[in-house]
Amino acid sequence: LYLSLMTEFFHSCTTNERKREIEELLNNFAQQMGAWRHCLYFLSNTRNEYVMMYSLTVFENLVNKMWLGVASQDKMEIRSCLPKLLLAQYKAMPFFIRNKLCKVIVDIGRQDWPMFYHDFFTNTLQLIQSPTMASLGLVLLKTTSEELACPREDLSVARKDELRKLLLEQVPTVLGLLTGILETIWDKHSVTAATPPPSPTSGESGENLLGSLLQGTHYSKLLSQPIPALDDDSQQLCSLALECLAHLFSWIPLSTSITPSLLASIFHFARFGCDLRVKPKTPPSIYSSCSGQVDRSRLGVLAMTCINELVSKNCVPLDFEEYLLRMFQQTFFLLQRLTRENNAHTVKSRLQELDESYVEKFTDFLRLFVSVHLRRIESNAQFPVVEFLALLFKYTFNQPTHEGYFACLDIWSIFLDYLTTKIKSRLADRDGVLNRYKDALVLLLREVLNRIQFRYNQAQLEELDDETLDDDQQTEWQRYLRQSLEVVVKVMELLPSHAFATLFPVLQEDLDVYLGLQQFIVTSGTSRRLNITAENDCRRLHCALRDLSSLLQAVGRLAGYFIGDVFAARFNDALAVVERLVEVTCYGSQISLYDLETAVPSVLKPDLIDVHAQSLAALQAYSHWLAQFYSEVQRQNQSRFISLVTSTMDATAPLITAKVPEKLLLSACHLMMSMATTVRPVFLVTLPAVQNIFNLITESQTRRLPQEAYMLVCRALSNMLLLPWSNLPESEQQWQTRSSSHASLLAALTRHYRLLRGTANQPPHRLGLEDTKAVLHQTLPVLRDIVDSISGESTKSRQICYQSLQESVQVSLGLFPVFIQQPDVTDEMLSFFLTLFQGLRVQMGVPFTGQIIHTFLSMFTREQLAASILQEGSAGCRVVEKFLKILQVVVQEPGQAFKPFLPSIIALCMEQVYPIVAERSSPDVKAEMFELLYQVLHHNWRYFFKTSVLASVQRGSAEEAMENEAQFSAAMQAFGQSFLQPDIHIFKQNLSYLESLNSKHKLYHRGVDANQRAVLGRNFKLERDLPSFTQSVHRLVNDLRYYRLCNSSLPTGTVKL
């Protein structure tokens, strides 16, 4: 019957409905306590894989979910029959059936060993020692390691600990057996002739490193032996042994049980990956876990997996450090083999022909070595770090894939971080440390710079995709350039002068090409054309422009190494860079290269735009240097500084127009922003170029810029007038003139918005609604951005800003009730008011601020709140969250001005918002509501407990009298209720809030009634450290899940745990 059901279930003609019926029949059968007997019969008497797999699934379900309810006699029979079945039939079983049966037997051991299944592990060890059954024993051993050392959550913590302890006792024996298998097979197949035959790889370079890496001939002889040719059975057995070791190493601690002979055996097999791949000649069979001829390189991959498991452990016992050194010595022998050159292969072609997985594993090893162990090994005289870096250099720059190269660059980044940290902690020995590594760093810098330039690396760079964005919103080319520049910048930090001397001449060469383009521009009528048309010339120009763009980014990244204490010492170099960048940006803007017609517009036009944009971005990076230059020449001759700033603005201003490509426009806007905010020259606003931008922005007829660019320009112009000038006394700040100019600027920017005042008394007509909303969405983000940019500035700056904004703020408050039903508009308006409250609440004054709060509280009725909150993740929720954020700012305000609003704010929280969000699983609004409650309690404690200062310091004074008890109790109950909800983020947030209130106001000791105190005591009896608390919670959850599982598996009527 079951055979026919299985056949029908997997038949292509069976309908889904019939499949569901069969599935239900089979599930019902599996739930019966005696079903296992039938399944045992099926396993013994059928070769149908579907029936066998189903029968094993029934056993698996019985053992893992119903075992407690199975009679002892039945358990004994199952423990006896299944291993016998495995031994009798494993050779005839498909490997996936064999593995499943092994897992069921191990699951029984997981439940019953050693008490009721005392020979479980002994049987496995005996199989491993049997010449004919060793592979079966290894499958059982690996499954045991997987299921017992790292069990799922269906065991109690006590049982998990017991199993791990039992397994650890067996580890020395197991490792000894696995060592024996690997050594025996290697020795059996090794060539032991005194004189090995000539190697086809003779003539290798770099053999002189061997002595220094291996300190003597012992390892050298061992690892130089020819790799033996293994038969299929031996390869399969070694694969299983290495798989077992890899899993064992993932959880056993480092100890002397991992013997030198075991490590030597693993390294022998790691050499298999160094040889060129031998493809399997026969297809895989379902009766074997691997192909007829195992790919030899797979042994190398598995051996490197074992090595990486060991190297990934940071906790190294003292008695294991010598083994670790030995491991590194042996691994770097392998690295030398990987990077050797001979007549037949270059290093790159050799790596290309190796198994990709092996190369990945080896790269993983190198990363682990550098990140985890370099600090241990570097000072050891037996380990030559400089020679290792030479090998790593060859390995890095011969990687056959981009991903492999990225991974190696990450290793260099880790090494450079380590070196930087070491030098900072040992300033006295800085030169000694640097000199040791200088040659390696110089080579690294030169090679990474070459790799990002088309003139040296065109073939590889043209393979990179520069269109498709990855998860980090960057193209493959951008990622390549970014990771390369990260390494360049880290070398610059260690060797700034050398890095500059290397980089600047290369930049100059490409700049000469760019600056020479003017002679090829041909003008005819209104069109301008770049007269470079030959295909080869266009390709060379494309490469030069791409390189220039990359080098400009590199020079921009160098800016941080010219400021601060080294400003004077490196002044001339920095000045040379800045003058060159100013020259390039002026040149680009004057001849409008972005607007030229070219022979290959799809290629050269983007190149020209990108170079222009990168030159502006590089100059922007030097804004902090310009600011320091300005402060140094403040009371001296400023002509050179004035010239640089004037030219910069002359280069920037023509680009701030809607006609310019957006990439270039935004670069110009950001540069202007930095000049206004970081450099802050007194004369900036008077420059003709800047006056032109003021006129452009304030004239209503001008075609509007894209929103992002428009906001940047408005913020820059506002900051020029609002931010205090550096190094000048208050009397020289010209506040009166600047205030008048700022008022004019804001009046122009809000011209259309202020006209909306007339619609405030009546809902706008449908026809004009969209126009009204458009004005609102255009204006408020700009005003918000202006306020936000000066919120941390001086009182005078904020005062002028509010004076200019005052009318627009009143218009906004008047419009708010009109748009209360339009959440997208309300969201924008509340964002604006939130920014005002955070930055300008003092300037707005108490009466007007109170009027705003009163308006909001009256508009957000319970119905309005419910309508907004019930649209999960909507603009409505964001509106309520921003309203609560505004109230958070209000309740934190010191003094008595806003205290009259406290009852209304608490009532809004507890009577209107809380009932809507309390039982909802969605986290929307909850986090902000609980933060508001916390801020109310934290900053207004005396609203609830009016203790005098004297009473609070008198020890033993009577318990404080509580006021507004009902509101306090409601807030506490809301916090308590939140701990019963499934949202772990709210749990964590509220736990920290209550802990903060307890540490500052003795919350758990205050005037709460006895019942509340008992509840809080039970809920917040916390461990004093996070690991202990986490462990206790984990144990509780784990055991609760385990007991539920146990109870669900017991027969009806059984007394439950």
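This tour moves through a predicted model, one selection at a time.

**The whole chain**

Begin with everything displayed as a cartoon: the secondary structure of the chain comes to 46 helices and two strands. Colouring by burial is a useful next step, since of the 1057 residues 53% count as buried. If you draw a contact map beside the viewer, keep in mind that, among contacts between residues at least 6 apart in sequence, 75% join residues at least 24 apart. The accessible surface of the chain comes to about 48,500 Å², and 52% of that area belongs to carbon and sulfur atoms.

**The nonpolar core**

Select Phe415 and Trp625 next, which are the residues with the most contacts inside the largest nonpolar core, a set of 353 residues. Around Phe415, show Val370, Leu374, Leu389, Tyr437 and Leu441, with which Phe415 is in contact once its neighbours within four places in sequence are left aside.

**Helix H6**

Move to residues 95–112, which make up helix H6; its end C-alpha atoms are 26 Å apart, in agreement with the 26 Å that its 18 residues should span at 1.5 Å a residue. Most of H6 is covered, with 14 of its 18 residues buried.

**Leu230 and its loop**

Now centre on Leu230, which sits in the loop between helix H11 (217–224) and helix H12 (232–249). Is this loop residue buried or exposed? Leu230 counts as buried because its relative accessible area is 10%, below the 20% cut-off. Beyond its neighbours within four places in sequence, Leu230 is in contact with Ile185, His189, Gln235, Cys238, Phe269, Phe272 and Leu299. A distance label from Leu230 to Lys188 should read 9.2 Å between C-alpha atoms, although the two residues are 42 apart in sequence.

**Two cysteines**

Cys81 and Cys274 make a pair of selections to view in turn: Cys81 is partly exposed at 23% relative accessibility, whereas Cys274 is buried at 0%. A search for disulfides over the whole structure finds zero.

**The hairpin**

Select residues 521–530 to bring up strand S1 (residues 521–524) and strand S2 (residues 527–530), which pair in the antiparallel sense over four bridges. Within this pairing, Val522 has Arg529 in S2 as its bridge partner. Two residues lie between the strands of the hairpin, and Gly525 in the turn has a positive phi of about 65 degrees.

**Helix H41 and its cover**

Continue to helix H41 (residues 926–939), whose 14 residues reach 20 Å from the first C-alpha to the last, close to the 20 Å expected at 1.5 Å a residue. Why is H41 described as largely enclosed by the rest of the structure? It is so described because 11 of its 14 residues are buried; among them are Lys926, Glu928, Phe930, Tyr934, Gln935 and His938. To see what covers these buried residues, add helix H39 (875–891), helix H40 (902–917), H43 and helix H44 (984–1001), which are included in that cover.

**Ser978, the last stop**

Finish in helix H43 (residues 965–978), where Ser978 is found. Ser978 is buried, with a relative accessible area of 4%. Showing heavy atoms around it brings up Phe930, Ile986 and Asn990, the residues in contact with Ser978 when neighbours within four places in sequence are left aside. Phe930 links this stop to the previous one, as it is also one of the buried residues of H41.

Methods: Residues numbered from 1 in each chain as written. Predicted model: local features only at pLDDT ≥ 70, side-chain atom pairs only at ≥ 80, totals over all residues. Heavy atoms only, no water. Buried < 20%, exposed > 50% of the residue type's maximum accessible area, 1.4 Å probe, protein only. Contact = heavy atoms within 4.5 Å. Areas by Shrake-Rupley, 256 points an atom, 1.4 Å probe, with all protein chains shown as cover. Core = buried A, V, L, I, M, F, W, Y, C linked by side-chain atoms within 4.5 Å. Expected span 1.5 Å × (residues − 1). Disulfide = S-S within 2.5 Å. Pairing = 2+ DSSP bridges.
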